Amino acid sequence: MLDGEGPGPGARPGVAGVAPGAGCITLDALGRSYRELNRTLRALTARRGVSRISVTNVLGQRYIGTGLRGEIEVMLYGTPGNDLGAFMDGPVIYVYGNAQDGVGNTMNSGKIVVYGNAGDIAAMSMRGGKIFIRGNVGSRSAIHMKECGEKRPLLVVGGTAHDFFGEYMAGGTAILLGLNLGPGEYHKANFIGTGMHGGEIFIRGRVDPYQLGAAVKISQPAEDDMRLIADAVGEFAELFGYDVDEIMHENFLKLSPKSLRPFAGLYHAGSRDDSYNGDGAGECLGE
């Protein structure tokens, strides 16, 4: 696992409090409970003229950015706790360190950028917006990602993932780049795409077919797919200082669902309710 990296917080306020600036506010999280920190953040984001909030000494406080809305940037220095950016709708969060579990849980729109690693279930039920993680992610990341209408969530992971990546994925795009894998080294995850019934997963680097769930099929990305990958990788490279051409030089695999109802045979074995229309046609996948 990579250590959290990124630019330092610069000049800190020196006192546990809020230092006002021209549209930018610095908040020291040292000694603040998650309730107090989030209450303060919500109050600051509602203040007229505030466009950026820099939070120093973050140490495991949960729910940072939960339900935040609007065009504001939040810079976090340290390690935010679980459910960072849950239900977030619009803001941009930068994490100069690692993040714990549940990054972007059910996120609606906006962007989260993590300069280190993230824990389990990153992008769980994410329905819109973008998440970029420079390092690795834990188990069950991208689980039940979904999409609706023009909302198509995007998760880009620079490193590798642990088991059940893309489990029950219902929509959107998840990309694994494998940039920290050695020559010939395989991705770590097994059961990739188990129960997947929507969206697509693109993998750069090596996976063995036994690492994939039974619900996915493998293909080479089409031209449209490669344009989508190139756009996402371009933004990733710009955020983290990589050479986009070097990343795109390697081959990608595409994983997509074999069926919209991979487990249909497990249910309705007895009497079937014919009024049920669960094939997903015309519906918002995963909603």
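**Figure 1. Salt bridge between strand 3 and strand 4.** A salt bridge is a side-chain nitrogen of Lys or Arg within 4 Å of a carboxyl oxygen of Asp or Glu. By that criterion, 10 salt bridges are found in a search of the whole structure, which is a predicted model. This view shows the one between E73 and R52, whose side chains meet with an N to O distance of 2.7 Å. Because E73 belongs to strand 4 (residues 73-79) and R52 to strand 3 (residues 52-59), the pair ties together parts that are 21 residues apart in sequence. E73 is partly exposed, with a relative accessible area of 23%. R52 also counts as partly exposed, at 36% relative accessibility.

**Figure 2. Salt bridge between helix 2 and strand 6.** E235 forms a salt bridge with K111, and the closest N and O atoms of the two are 3.0 Å apart. E235 lies in helix 2 and K111 in strand 6, so this contact ties together parts that are 124 residues apart in sequence. Both partners have little accessible area by the cut-off used: E235 is buried, and so is K111.

**Figure 3. Salt bridge within helix 2, and a network.** The side chains of D224 and R227 meet in a salt bridge, at 2.1 Å from N to O. Both residues are in helix 2, and because they are 3 residues apart there, about one helical turn separates them. D224 is exposed, with a relative accessible area of 54%. R227 has a relative accessible area of 47% and is therefore partly exposed, since exposed means over 50%. Elsewhere, K111, K130 and E235 are joined into one network by salt bridges that share partners.

**Figure 4. Aromatic pair between a loop and helix 2.** A pair of aromatic rings is described by the distance of the centres and the angle of the planes. Across the whole structure, a search finds 8 aromatic pairs. One of them is formed by Y115 and F240, with 5.1 Å from centre to centre and 85° between the planes, an edge-to-face arrangement. This pair links distant parts of the chain, 125 residues apart: Y115 is in the loop between strand 6 (109-114) and strand 7 (130-133), and F240 is in helix 2 (residues 223-240). Y115 is buried, at a relative accessible area of 11%. F240 counts as buried as well, at 7% relative accessibility.

**Figure 5. Aromatic pair within helix 2, and the cluster.** The ring centres of F236 and F240 are 4.8 Å apart and their planes stand at 65°, so the pair is edge-to-face; the angle has to be over 60 degrees for that class. Both residues lie in helix 2, where they are 4 residues apart, about one turn of the helix. F236 has a relative accessible area of 0% and is buried. The two phenylalanines are members of one aromatic cluster, formed by Y77, Y94, Y96, Y115, F236, F240 and Y242. Y115 and F240, the pair shown in the preceding view, are thus named in this cluster too.

**Figure 6. Positive surface patch.** R35, R39, R42 and R62 form a positive patch on the surface. One of these residues, R39, is placed in helix 1 (residues 34-45). R39 counts as exposed, at 53% relative accessibility.

**Figure 7. Negative surface patch.** D243, D245, E246 and E250 gather on the surface in a patch of negative charge. Among them, D243 lies in the loop between helix 2 and helix 3 (244-248). D243 has a relative accessible area of 42%, which makes this residue partly exposed.

**Figure 8. Loop residue E71.** E71 is found in the loop between strand 3 and strand 4. At 82% relative accessibility, E71 counts as exposed. In sequence, E71 and T45 are 26 residues apart; in space, their C-alpha atoms are 9.2 Å apart.

Conventions:
Residues are numbered from 1 along each chain as its sequence is written. This is a predicted model: local features need pLDDT of at least 70, side-chain atom pairs count only at pLDDT 80 or more; totals for chains, interfaces and linings use all residues. Side-chain values use heavy atoms; hydrogens and water are left out. Patches are made of residues with over 30% relative accessible area and no salt bridge: like charges are joined within 9 Å, nonpolar side chains (Val, Leu, Ile, Met, Phe, Trp, Tyr) within 5 Å. Accessible areas come from the Shrake-Rupley method with a 1.4 Å probe; for residues, only the protein chains shown count as cover. Lys and Arg count as positive and Asp and Glu as negative; His and the chain ends are not counted. The place of a charge is taken as NZ of Lys, CZ of Arg, CG of Asp or CD of Glu. Helices (H or I, at least four residues) and strands (E, at least two) are DSSP runs, numbered from the N terminus. Buried means under 20% relative accessible area, exposed over 50%, partly exposed in between (1.4 Å probe, protein chains only). Rings of Phe, Tyr and Trp (its six-membered ring) pair if their centres lie within 6.5 Å; planes under 30 degrees apart count as stacked, over 60 as edge-to-face and the rest as tilted.
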